[in-house]
Amino acid sequence: MKISHKWLKNYIDLEAEPEEVKEKLTMLGLEVESVDYPGEKFKNFYVGEVLEVSKHPNADKLTVCRVRVGKDTLQIICGAPNVAAGQKVPVALVGAVIPRNQHDPEGKPFVLTKAKIRGVESYGMICSEFELGLGDDKEGIMVLEPNAQVGQPLAEYFGLDDVIYDISVTPNRPDCLSHIGVARELAVAFGLKLKKPEFKVVESDKRITDYASVEIIDTLNCPRYAARVVLNVKVEPSPKWLQDYLRAVGLRPINNIVDITNFVLYEVGHPLHAFDYDKLAGHKIVVKCANDGEVFITLDGKARVLRKDTLMICDAEKPVAIAGVMGGANTEITDETKNVLIESAYFNPISIRRTSKYLGLSTDASYRFERGADPEAVIWAVNRAAQLMAEIAGGEVLQGVIDVYPVEIKPKVVSLRFSRLNSVIGFEFSQDDVVKILEGLELEILNRDEKSLTVKVPTFRVDIEREIDLIEEVARVYGYDRIPDKMRSVVHFSTEKVKVDFHNFVRERLIGAGFKEVVTNSMLDEEKASLLGENFVKVLNPLSREMSALRTSLIPSALDVVKHNFGYGVKNLKFFEIGKVFRLAFDEDEKPRYVDNYVEEERLLILMTGVAEPVSYDLGERIFDIYDLKGEVENLFRGIFLENYRFIYYSNNSDIAELEIGIEIGGKYAGRLIKVGDEILNKFDIKADIYIAEIDFDLLCKNSRFEERHYIELPRFPSVFRDLAFVVDESVPVGEVENAIKEKAGAVLKSIRLFDIYRGERIGEGKKSVAFSLEILSKEKTLTDEEVNELIQKVVKYVEQKFEAKLRSY
Amino acid sequence: MINQIEEVKKKFLEEIETVKDEKQLEEFRVKYLGRRGIIQTLFDKLKEIPREEKPTIGKFLNEFKELAQIKFDEKRKEIESGKRKVGELVDLTIPGRFKYTGRKHPLTQTLEEIKKIFVAMGFEIASGPEIEDDYHNFEALNIPPEHPARDMQDTFFIKENIILRTHTSPVQIRVMESKQPPVRIIAPGRVYRNEAISARSYCLFHQVEGLYVDEGVSFAELKGTLLSFAKQMFGSSVKLRFRPSFFPFTEPSAEVDVSCFICGGKGCRVCKYGGWLEILGCGMVDPNVFKFVGYDSEKYTGYAFGMGVERIAMLKYGIDDIRLFYENDFRFLEQF
Ligand SMILES: [Zn+2]
């Protein structure tokens, strides 16, 4: 909200510099987001008087003017057709920055210099509205009011010699949404006295009760409604001072009547509404809720569909305003308006908020009512407006105020224990300081003893209801910075076992293996969500169609990362992500951990594409293949002590994969390794081989043996190595041969490693030779050659039988 | 005999200096150290000398043999290493075989730093769901329906009363529901805001929530804890500024600025020439929140705080566009 420094000075003798005011407000919890000096752009601009105009000797369209600016008289060349002696005009002196250049297509600002124009010197510039940035008129110079004071800084003339604070007011402080409210805070902080304007309403002898009446039907949503009537007003533009105030806080002046209600709103914070009295049927106000589906035209010209919980202001026949939100077009103040009824009411914040929300209509009035207006400000505000209408619009204020107040809102009474204050804040406050602060905030001390005090809270402080609210007020006004930083604390030591940061454990291993970590968006479009998982979760109000569902897999966003990097020529990628995926539970038996039937699971994704490692000049360039991926996955499993897994080989792949291997961990399906299929790649517009593993992260954690590491005595005997090569049919999977060897060799086979696959003439068509290196180790003894040979023979025989294989070498 | 050995020794030392390559080295070895070499013949001669002289001469000869072996080994090493320099068979300037470099995402790195500091102070790690219910995200945090504070956070809805959490604060509620004080946790996690995407804001980001509830926990202690955190995180010379603010679930509440660690508070582009950078929000847990979780607010007090990981990472590394974190450009990731 914009607050004017000049305006504030009406209520406190503020002498502090703007920067100090900004600091004080911020440290009171009224964060100043910016400080604007609107007059600054008119530095070196003054009000001048044209004394004499004569033709330029060398140019038809130019004139040579003699312009008085203060004590000096300057010679200025002017090109405007409307310049004439006797005019008061805006003059820019040499050095001024002209906000907009009329001769520049983009209207860029420029610095005015002394110039010689066609042989005649010019010492300044008479400006147009356009050049001053005040309007679009470029045709001629701007002519000021005849009574403008020559030599007055132009900023002052326009009322711009001000400082505007843009304050972000938190929702709990509607009392600070006005100049008096902000002044009250500053008064406490600077130790000044708040001066609320004093005035007397001059009333005629006609009694208001003979002219109007008010009835509240919905007393829950409208606890108080007050009105005044002002007759015979002259609707016209507001005087300059009033327009200046409104413009300063960013409002557009409309007419004197509307401007006065806005002025009071920004002065004291209470929203008012002015009706054209003569258009109110029966000169009666009725406050009640609308009918469902009723249509009402608000004064912005829009048709609004009402609900049965929309609180309305009606006359004897029809609705005339949406209570606390916006008036209707049917009773709007126009140039023809003669008589005015001023509404000053207090509405239930929840009702106003509900209405404002469903209508999607937030106004200055609704903003304040929904945060909580001051029921006690009702009368002051309506009187202030009436009196200003009498002064400014020449109206006749009728005698009396209609004040319908069926259920009185009483000020709250709250107590504060000094001991509680000190223990919550951790600081011993002096009781006198506490009293001074609370009284400064207009809280009335009803009772005080050495242990506690009791205060009456003014109705404008809707946020103070409990002891803790008073504690906050004391700490806030005393200053958070004056409360010590306690760098010691008494801590209960934890008795829980420290958990291994398994995420970090996995991350470190993958980073060591050359993978970069990515973090991607968990929202994506529905097509991609359904492509890779069932039961996806939709977002009801997404930012865009591209983010209308939650991811069911990390694969789509990983492919987006690939696409992005390919776009910048980065083609070799190794990366991983650990992230959550979401879905609805598959059936009733599945009990999600937290909310409703939504399941959140963590996954690990590993992606590889491009040139395989090591990248080298001499080993021949090779691109990543499925075995690189498989190797990385197995390496990770070894690294995190995960042994109870197995790969599952399918006879056909799923839709998205060209190659696919399933992973089972601890007997449960845990994910898969894939070479991404063309159909998917086309959707992402990617042309490359992409290898992805996506694995359930929870299963990794649960099955890692990391927490159960236990020393096993080292073998006391050396290992024996033997190589075995078999010729088998091309159709025989290598993994099965390997498993057969493992199975037959039993426990003494410490490890087995495939070291060669050979195809060629010497072997025969449709055949391949697969060679393994076996490490054999007994825990009990050093194996003799005979024992090893016997074992090998057993294995060879088994493999030869099982796969119709032939031993090729041994 | 001693003289003879001395002479051989002298010759040996002279000749070994003349050995230049492997061939000469081998000839030299055969001549002196071979099975029929000079040193062996000296040993053979030892048999012929009188018994009483044997120990002295034997010892002398053995010492020479050891020396000869050492000198020979040195020479061999010299020739072998020299071979590379001279022969140029291995070009050591050829680049090493390239391996991919792993990097942790800058958000992870920042989060880990934050976690480490609080864990060292005795905080435990807690977590909660991202699909959250209205009760935990709002109501139990003292944000009733129709409350204007709901405007402070634009919410993504999944269905009635189910949302994507707008902050990590619901984890506070879940933790307090599950145990009695003392509670001392931090809860890192992903949160969502229905806000237009720009260089300054994204539809999701990461927060770290902190909560400490016990007997006698005070605002002064909150200030001290966060000051210690800030000094550990940003440097021991930084200062903190606590500004009164409003959060429905804490009272008193504060927004916390750290003195700009880039310009030292003098004013720069990053701190918008104000010398302060806003880094977190905090306050004393509101008694209403305790009511929701069934804690006795007369007996216990507590503080809570929350900070944005992206915000801190951006300040720390001078990143000016939040979207870079989720784009995962390798040229970006490589920098951290
Ligand atoms: Zn700075």
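## Burial at Asn142(B)

Buried means under 20% relative accessible area. Asn142(B) has 17% relative accessibility, so this residue counts as buried. The model is predicted.

Asn142(B) sits in a loop of chain B, between helix H6 (134-137) and strand E3 (157-159). A polar atom of its side chain lies 2.9 Å from the backbone oxygen of Pro248(B). Pro248(B) is also one of the contacts of Asn142(B) once neighbours within four places in sequence are set aside. The others are Asp286(B), Asn288(B), Val289(B) and Phe292(B).

## Glu251(B) and its contacts

Glu251(B) belongs to strand E8 of chain B. The unreviewed UniProt entry annotates Glu251(B) as "binding site". With a relative accessible area of 8%, Glu251(B) is buried.

Its contacts come from both chains, leaving aside neighbours within four places in sequence. From chain A there are Arg466(A), Ile468(A), Asp469(A) and Glu472(A). From chain B there are Met284(B) and Asp286(B). The side chains of Glu251(B) and Arg466(A) are joined by a polar contact of 3.2 Å. Asp286(B) appears in the contacts of Glu251(B) and in those of Asn142(B).

## The zinc site

Which atoms coordinate the zinc ion? The donors are the SG atoms of Cys260(B), Cys263(B), Cys268(B) and Cys271(B), at 2.2 to 2.3 Å. The angles among the four donor atoms run from 101 to 113°, and the site is tetrahedral. The ideal angle for four tetrahedral donors is 109.5 degrees.

The donor residues follow the spacing C-x2-C-x4-C-x2-C in sequence. Cys260(B) and Cys271(B) both lie in the loop between strand E8 (250-259) and strand E9 (276-285) of chain B, so the pair ties together parts that are eleven residues apart in sequence. Cys260(B) is buried at a relative accessible area of 1%. Cys271(B) also counts as buried, at 5% relative accessibility.

## Chain A: domains and the B5 region

The domain assignment of chain A gives six entries. Domain 1 has two segments, 2-37 and 162-190. Domain 2 spans 40-157, and domain 3 spans 203-404. Domain 4 covers 412-479, domain 5 covers 502-708 and domain 6 covers 720-809. The C-alpha centres of domain 2 and domain 4 of chain A are 59 Å apart.

UniProt, in an unreviewed entry, lists residues 409-485 of chain A as "domain: B5". Over residues 409-485 of chain A, helix makes up 39% and strand 22%. The end C-alpha atoms of that stretch lie 41 Å apart.

Notes: Residues numbered from 1 in each chain as written. Chains lettered and ligands numbered in written order. Predicted model: local features only at pLDDT ≥ 70, side-chain atom pairs only at ≥ 80, totals over all residues. Heavy atoms only, no water. Domains from an automatic or database assignment. UniProt positions renumbered as here; feature names shortened; annotations may be inferred. Helix = DSSP H or I, 4+ residues; strand = E, 2+ residues; numbered from the N terminus. Donors = N, O, S within 2.8 Å, 3.2 Å for Na, K, Ca; no water. Tetrahedral: all angles 85-135°; square planar, octahedral: opposite > 155°, others 65-115°. Buried < 20%, exposed > 50% of the residue type's maximum accessible area, 1.4 Å probe, protein only. Contact = heavy atoms within 4.5 Å. Polar contact = N/O pair within 3.5 Å; in protein donor to acceptor, adjacent residues only side chain to side chain.
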